[in-house]
Amino acid sequence: MKEPITPIDQQAPTPKTSTNEFVNTNVLSIALLAIFALGDIGFSIYNGLSASAGLVAVTLALQVFSKLLVNSNNQFLSPTTVFILTAAAILAMVIVDGFALGSFLYFFPALVIYLVSTIDTNDEKRYRNLKAISLTFAVAVVAGYFLLPNQKILLTTNYLPIFRFFAVVVLTVLLSKKLVAVKPAVQRASGLSAYSEAIFQNSLDGYLVFDQETKEVKDHNQRISGLFALPSEVDLKKLFMTQVLMRYLAEDSANKELLMDMIPDNWHGEATFINHRKEKFYSYIKSVVYQKEGNNYQVLSIRDISTIKASDEKLKEYKESVEKAGRAKARFLSSMSHELRTPLNGIIGTSNLIKIEADLPESIQKHVDVLLYSSEHMLGIINDILDFSKIDAGKLELNKQSFSIDKCTDNIIASFESQFKNKNIRLVFEKSPELKATHVLSDETKLSQVITNLLSNALKFTLVGSVTLSVKTTALTKNKISILFEISDTGIGIPKEKQKEIFQGFSQVHAAELSRRFGGTGLGLTISEKLVTIFGGELKVESELEKGSRFYFTIAFDTTAPAAPIFNIPVAEDNADIRGIKILVVEDNEINVTILKSFLKKWEVQVMEAGNGVHALEILKYHRFDLILMDLEMPEMDGYAAIKIIRQTDTATPILAFTASLLENMDNILSEAGFNGYVLKPFRPAALKAKIELYAPHRKILYA
């Protein structure tokens with residue numbers, strides 16, 4: 001193609017249209033020039049002006065040659081050359097005609113020739129020259145008429161000078177008017193063509209233009225040459241679009257079949273190419289169609305997205321590595337939970353065993369109490385760190401079940417009564433009466449954890465006075481209830497400037513001396529604040545030094561009907577007795593087995609033990625039990641695999657998970673696995689005994 005084809009939204013009048021206008025102008029000017037010049041040549045010969053006749057003939061031939069035989073975009077004779085030759089002819093004719101006829105007005109024909117020779121140019125400077133020449137011509141006519149010594153020659157020599165004068169004036173006006181009409185179109189065409197060409201060639205996207213009917217490549221920009229690393233001898237214009245795609249489209253390219261078959265008129269998508277240097281690059285392609293001069297052309301814009309693809313791959317790899325690290329962290333936390341809580345089970349269990357020994361000296365009793373308190377405190381710290389790690393990783397979600405806010409808060413208050421009594425701090429509990437008949441759908445465990453943390457904090461920092469738990473309804477509809485939870489105390493308070501820091505992890509807002517005195521990791525409030533956020537509330541604080549603190553938050557719950565618990569827990573009789581109950585303990589840790597057996601034997605429970613799931617299955621072939629306590633993590637066969645096999649033939653025997661692992665959504669996980677409930681290690685003896693009373697049938701089974 002002679003000129004680049006640009007997309008329809010960038011099209012402008014092309015040089016071809018302007019060239020047609022110039023051709024039409026040249027034909028007109030040459031016709032007028034030829035008629036006039038031939039007449040002038042005849043006049044010159046008739047009057048014996050052979051030199052002038054020859055010069056006019058040569059100039060006419062020069063103009064015809066430069067106008068018709070030379071491409072306007074690649075002129076054989078430059079405008080400067082034409083100007084110099086024409087000026088020389090004018091000078092020669094002025095001299096010859098002027099002296100021969102006694103009048104220098106006979107240089108008019110040369111001026112007309114020069115005038116016509118400038119019509120085919122779109123150069124602004126030449127156009128200005130034309131106007132200057134026209135003005136000079138007018139001045140010369142007027143000056144010559146008045147200054148010539150023999151003015152009558154214009155009237156007496158021949159009528160032809162008058163005709164020539166008239167013809168020059170008329171021709172000048174006509175041709176100047178034509179130039180004025182052509183010039184704006186010339187400027188528009190040349191200006192927009194250059195602008196479109198600049199955009200086309202310098203775009204960051206590669207453009208491939210092909211005939212939609214023949215599929216022949218008509219044009220492309222410089223960016224295509226760069227994208228495909230085309231050597232100088234390769235010309236895509238000699239190929240069809242299918243050949244280009246067959247040569248450069250990668251085998252594993254996206255949308256390959258679509259691109260090779262028929263590219264839709266208005267389509268965009270990805271593709272992969274291999275350039276001339278056998279380098280792969282990824283691209284984003286957009287297809288548009290437009291018409292020009294009756295033909296349909298399709299343009300493919302090709303954008304290199306290799307960098308974006310590489311970034312996506314790195315992001316994907318990074319995401320996978322983060323997820324892998326997250327899974328490793330989860331496994332680590334689960335393992336650490338198990339490994340830390342297992343020895344603590346030995347410490348706490350042994351402490352409890354010693355504590356129930358008869359005739360224990362008071363000094364030993366005090367030492368055991370310290371040991372028990374320290375181990376329980378360490379257990380709390382471990383739980384806080386594990387909870388914080390889960391929250392920080394965004395792993396905690398609400399395990400929604402139906403429960404009673406009334407019973408939940410009653411249980412929490414009951415668990416704190418002895419601690420408040422020992423410290424001689426009054427515990428006040430206030431709640432709305434309508435909560436007694438209301439059940440909500442939410443996570444009871446996490447709500448209890450928040451309230452427990454706040455009560456523990458209030459108790460720790462209150463030396464005298466009271467702590468109040470207030471649970472009040474703020475809004476109640478058919479399906480929703482909003483409850484304000486408030487824990488206030490008369491403790492040491494929090495400095496105002498430190499109140500924004502108390503929810504930051506591992507933060508101690510009091511002075512170092514007080515922090516050491518009261519202890520703690522500084523995670524309790526952080527965990528509570530995060531959990532309240534998960535519930536959709538906001539934990540707020542109001543406090544004043546030496547006057548106490550008030551923590552409060554509001555949560556909107558969905559109300560629901562009471563639901564049966566996940567685990568089918570039988571109701572124990574008032575005089576329940578576990579003596580004689582037969583229990584299988586499946587546990588690989590010898591310390592845990594020793595402590596557990598010690599308590600069970602004190603309660604006169606019959607015990608058998610298995611070191612793993614395989615051993616347990618072998619025992620169950622020959623013995624029946626009232627209850628099975630099974631660890632989850634064991635060698636050879638863990639608790640999950642063992643219970644799966646047991647439940648294939650025995651769905652009646654209660655099986656409790658005896659585990660040190662704190663699992664998220666633990667109730668559902670263990671219920672789906674087939675367990676009836678669980679006992680967390682380290683266990684409290686009274687809690688374990690209550691579990692056995694509730695789950696085991698109240699009858700004695702003798703050893704087989």
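Reader: What makes aspartate 219 and lysine 237 a salt bridge?

Author: In this predicted model, their side chains meet at 3.6 Å, N to O. The cut-off is a side-chain nitrogen of Lys or Arg within 4 Å of a carboxyl oxygen of Asp or Glu, so the pair qualifies. Aspartate 219 lies in strand 2 (residues 217-220) and lysine 237 in the loop between helix 8 (222-227) and helix 9 (241-248), so the pair ties together parts that are 18 residues apart in sequence.

Reader: Why is aspartate 219 called buried?

Author: Its relative accessibility is 5%. Buried means under 20%, so aspartate 219 falls in that class. Lysine 237 has 31% and therefore counts as partly exposed.

Reader: Which class does arginine 277 belong to, buried or exposed?

Author: Arginine 277 counts as exposed because its relative accessibility is 55% and the cut-off for exposed is over 50%. Arginine 277 forms a salt bridge with glutamate 279, with the closest N and O atoms 3.4 Å apart. Glutamate 279, at 37%, is partly exposed.

Reader: What makes aspartate 631 and lysine 681 a salt bridge?

Author: The N to O distance is 3.5 Å; the limit is 4 Å, so the pair counts. The two residues are 50 residues apart: aspartate 631 is in the loop between strand 15 (627-630) and helix 19 (639-646), and lysine 681 is in the loop between strand 17 (677-680) and helix 21 (685-695). Both aspartate 631 and lysine 681 are buried.

Reader: How many salt bridges does a search of the whole structure find?

Author: The search finds 19. Elsewhere, Asp406, Asp410, Lys431 and Lys436 are linked in a network of salt bridges.

Reader: Why is leucine 315 called exposed?

Author: Its relative accessibility is 55%. Exposed means over 50%, so leucine 315 passes. Leucine 315 lies in helix 11 and, with Tyr318 and Val322, makes a nonpolar surface patch of about 330 Å².

Reader: Why does glutamate 323 count as partly exposed?

Author: Its value is 40%, and partly exposed covers what lies between the 20% and 50% cut-offs, so the class follows. Glutamate 323 is found in helix 11 (residues 306-355). On the surface, Glu323 gathers with Asp312, Glu313, Glu317 and Glu320 in a patch of negative charge.

Reader: How do you know that strand 11 and strand 12 pair?

Author: Pairing needs at least two bridges, and these strands have 5, in the antiparallel sense, so they pair. Valine 541 stands opposite phenylalanine 551 in strand 12. The two strands form a hairpin with 3 residues between them, and glutamate 546 in the turn has a positive phi of about 65°.

How values were computed. Residues are numbered from 1 along each chain as its sequence is written. This is a predicted model: local features need pLDDT of at least 70, side-chain atom pairs count only at pLDDT 80 or more; totals for chains, interfaces and linings use all residues. Side-chain values use heavy atoms; hydrogens and water are left out. Patches are made of residues with over 30% relative accessible area and no salt bridge: like charges are joined within 9 Å, nonpolar side chains (Val, Leu, Ile, Met, Phe, Trp, Tyr) within 5 Å. Accessible areas come from the Shrake-Rupley method with a 1.4 Å probe; for residues, only the protein chains shown count as cover. Lys and Arg count as positive and Asp and Glu as negative; His and the chain ends are not counted. The place of a charge is taken as NZ of Lys, CZ of Arg, CG of Asp or CD of Glu. Helices (H or I, at least four residues) and strands (E, at least two) are DSSP runs, numbered from the N terminus. Buried means under 20% relative accessible area, exposed over 50%, partly exposed in between (1.4 Å probe, protein chains only).
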